[in-house]
Amino acid sequence: MNFTRRSGILLHPTSLAGTPGIGTIGKPAYDFIDWLCDAGQSLWQILPLGPTGYGDSPYASFSTFAGNPLLIDLDDLAARGWATKKEIRPPEYIKSTGNVDFGAVVWWKMPVLKAVAINFLNNAGEGDLALYKDFCRAKKSWLDDYALFMSIKAVYDQKAAQEKPATSIWHSWWPKKLALHDTQALKDWYKEHKQEVDTFKVIQFFFNEQWTALKNYANDNGISIIGDIPIFVAPDSADVWSNQSLFQLKGGKPNCVAGVPPDYFCADGQLWGNPLYDWKAMKEDGYKWWLARIKRVFELTDVLRIDHFRGFEAYWSVPATEKTAINGKWCKGPGYDLFKTIRAKLGDLPVIAEDLGVITDEVRDLRDQCGFPGMKVLQFAFSTDEAREHGMVNYFLPHMYDTSNCVVYTGTHDNDTLQGWLENLGDDQAVLVAQYIEGEIMSVQKARSLIKSGRLRKDMIRAVFASSAVYAIVPMQDLTGIDNSGRMNMPSTTGTNWTWRMNKTDLKQKTVRELEFLAALYGRNI
């Protein structure tokens, strides 16, 4: 795939301003697209769009195919005649400013969406119902199982809250036949819970209608949306439950789970807990599940970033009984065979490979064989130890890029914000960064002054635009200059992740002029 030289902004829709409780795909999203156009940008990168569960992570959703109901814009539902202003009015505890309180938003918004969905089923006009039925037919391959999963989960999660079992996940808590996806048991469940199951389908219809309109608006205005999927899916998901033969499971429970081995930063490694794929079974059926997954993402977005790309070459497998990732082992993934099949069935797709972390020659060879651009993160470019020992040879430094076939970021959703990162640098590293970016000998005092004023942050953004990388992406937090209070995620923690929201005032005309200038100056304004 030939990528053209472009630039854009990383901002998940939940972080948009101006709507009750959480950012949505309503008017603020359209305003953001207009702002991107004015700023000479042509890329909007987002995080995964799936419905989130415990921990609120978009990388651990209930479905890799479905959309997050919390992103649905209620004002749009009212404008379409599917809801009234009264029923969508938020309670006083739901605010339109400040960070997202996911618990409060779910408590308020999900009952509203379900009530609107029931009203739609009972009272929608023939034209709207025809659109809904067309959607159900087109998405049947994943929609039916998703709606059943969420309906069963709603009942048994409520029971789990009362009875407090050791684990409330489906394979340990649901009745056996339901847990094992028994066809007759599911037919019986649907007969008894038809309205609730259909309600989850209608909510997905709402999301699909709004997202399709938004994507069309973006594309019509020259904006491409970069989507994102994690390599693995959540254990508590319709994906695993409805495709158990494609995962390393026994009686619905994982034999082994995903993680990464111990390293300098984490002595125990990271135990993610995702069920692992049975790649042999997937190969035997022609990778149909992966083909469907990739196809769905490209219905929603224009470019795809695949998280943890190295896992396709080899993945860290940990016995499910382990408490840490120490006693895992490397197992071979599908390698090029998967991507060869995807290319043969779906064509030459624009994919970005997240190749960060400990990357081997085999992973690089796979990335290059696929022709995918990898990632460069400017924050990773400055190690005082490497600078002293080897000179400035860190391959995340812009002058060391050995190819333009890469995508460069100031930082990602897993990093400190750029301003927060700069403020927390030690003296040696602060001087190193300032000298490289500014191109002059630097004292500690001057480096600190450049950091405090925001000048060094802005010049690092300029360096990203000036680089040879085919795409240059800047998180919205790095444009605004917010400190680490704006950090999106701290890996391996829960509590305050994914909650940051921008302010309406962050879409400044001064920033528009600066970005438009950089895009034109460095040939990124297609």
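What volume does the largest cavity have? Keep that in mind while you get your bearings. What you have open is a predicted model, and we'll walk through it stop by stop.

**Stop 1: the eight-stranded sheet**

Switch to a cartoon view and find the open sheet of eight strands. Trace the strands across in this order: β11-β8-β3-β2-β1-β14-β13-β12. The pairing here is parallel. Now select residues 351-353, which make up β11, and 374-377, which make up β12. These two strands stand at the edges with a single partner strand each, so one side of each has no neighbour in the sheet. Tilt the view a little and look at how the strands sit against one another: neighbours in this sheet are turned by 25° on average, if you ignore direction.

Next, zoom in on one pair. Select β1 (residues 6-10) and β14 (residues 471-475). How many bridges join β1 to β14? Five, and the two strands run parallel. For one bridge in particular, click on L10: its partner in β14 is P475. Remember P475, as you'll meet that residue again.

**Stop 2: the largest cavity**

Time to settle the opening question: the largest cavity has a volume of about 210 Å³. It belongs to a set of five cavities of 30 Å³ or more in the structure. How do you find empty space in a structure at all? Rolling a probe the size of a water molecule over the atoms shows where it is left.

To get there, select P48, L49, T64, D228 and I229, which lie nearest the centre of the largest cavity. Its full lining takes in 24 residues. Colour β3 (224-230) and α13 too, since these are the elements that give two or more residues to that lining. β3 has the largest share, with four residues. Now colour the lining by class: 15 residues are nonpolar, six are polar and three are charged.

**Stop 3: helix α13**

You've already coloured α13, so let's stay with it. Select residues 288-300, the 13 residues of this helix. Try a distance between the C-alpha atoms at its two ends: they are 19 Å apart. At 1.5 Å a residue the helix should span 18 Å, so the two values agree.

Now show the side chains of W289, W290, L291, R293, I294, R296, V297, F298 and L300: these residues of α13 are buried. While you look along the helix, here's a handy rule: an α-helix has 3.6 residues a turn, so residues three or four places apart point the same way.

**Stop 4: the second largest cavity**

Here comes P475 again. Select it together with T412, H413, Q477 and M488, and you have the residues closest to the centre of the second largest cavity, out of 19 that line it. The volume of this cavity is about 150 Å³. Sorted by class, its lining has seven nonpolar, nine polar and three charged residues.

**Stop 5: a pocket**

Which residues lie closest to the centre of the second largest pocket? Select R457, K458, L479, T511 and E514, which are among the 15 residues of its lining. The space in this pocket comes to about 360 Å³. Three helices each supply at least two lining residues: α20 (455-466), α21 (476-480) and α22 (509-521). Of these, α22 gives the most, with six residues. Colour by class once more, and you'll find five nonpolar, two polar and eight charged residues around the pocket.

**Stop 6: the four-stranded sheet**

Go back to the cartoon and look for an open sheet of four strands, in the order β7-β6-β9-β10. The pairing in this sheet is antiparallel. β7 (270-275) and β10 (329-332) are at the edges, each with a single partner strand, so one side of each is left without a neighbour in the sheet. On average, neighbouring strands here are turned by 50° against each other, direction ignored. Select β6 (residues 256-260) and you'll see that three bridges join it to β7. Click on V260 and look across to Q270 in β7, which stands opposite.

**Stop 7: two residues in loops**

Finish with a pair of loop residues. K164 sits in the loop between α6 (140-163) and α7 (170-173), and has a positive phi of about 50° although it is not a glycine. H308 is in the loop between β8 (303-307) and β9 (314-319), and its phi is also positive, near 60°. Are these residues buried or exposed? K164 is exposed, with a relative accessible area of 69%, whereas H308 counts as buried at 12%.

Definitions and conventions:
Residues numbered from 1 in each chain as written. Predicted model: local features only at pLDDT ≥ 70, side-chain atom pairs only at ≥ 80, totals over all residues. Heavy atoms only, no water. Pairing = 2+ DSSP bridges. Axes fitted to C-alpha atoms, helices over the stretch in contact; angles between N-to-C directions. Buried < 20%, exposed > 50% of the residue type's maximum accessible area, 1.4 Å probe, protein only. Expected span 1.5 Å × (residues − 1). 1 Å grid on protein atoms, 1.4 Å probe; cavity = no way out; pocket = protein on both sides within 12 Å on 5 of 7 lines; lining within 4 Å. Points joined across faces, edges and corners; volume = space filled by probe spheres on them. Nonpolar A, V, L, I, M, F, W, Y, C, P; charged D, E, K, R; others polar.
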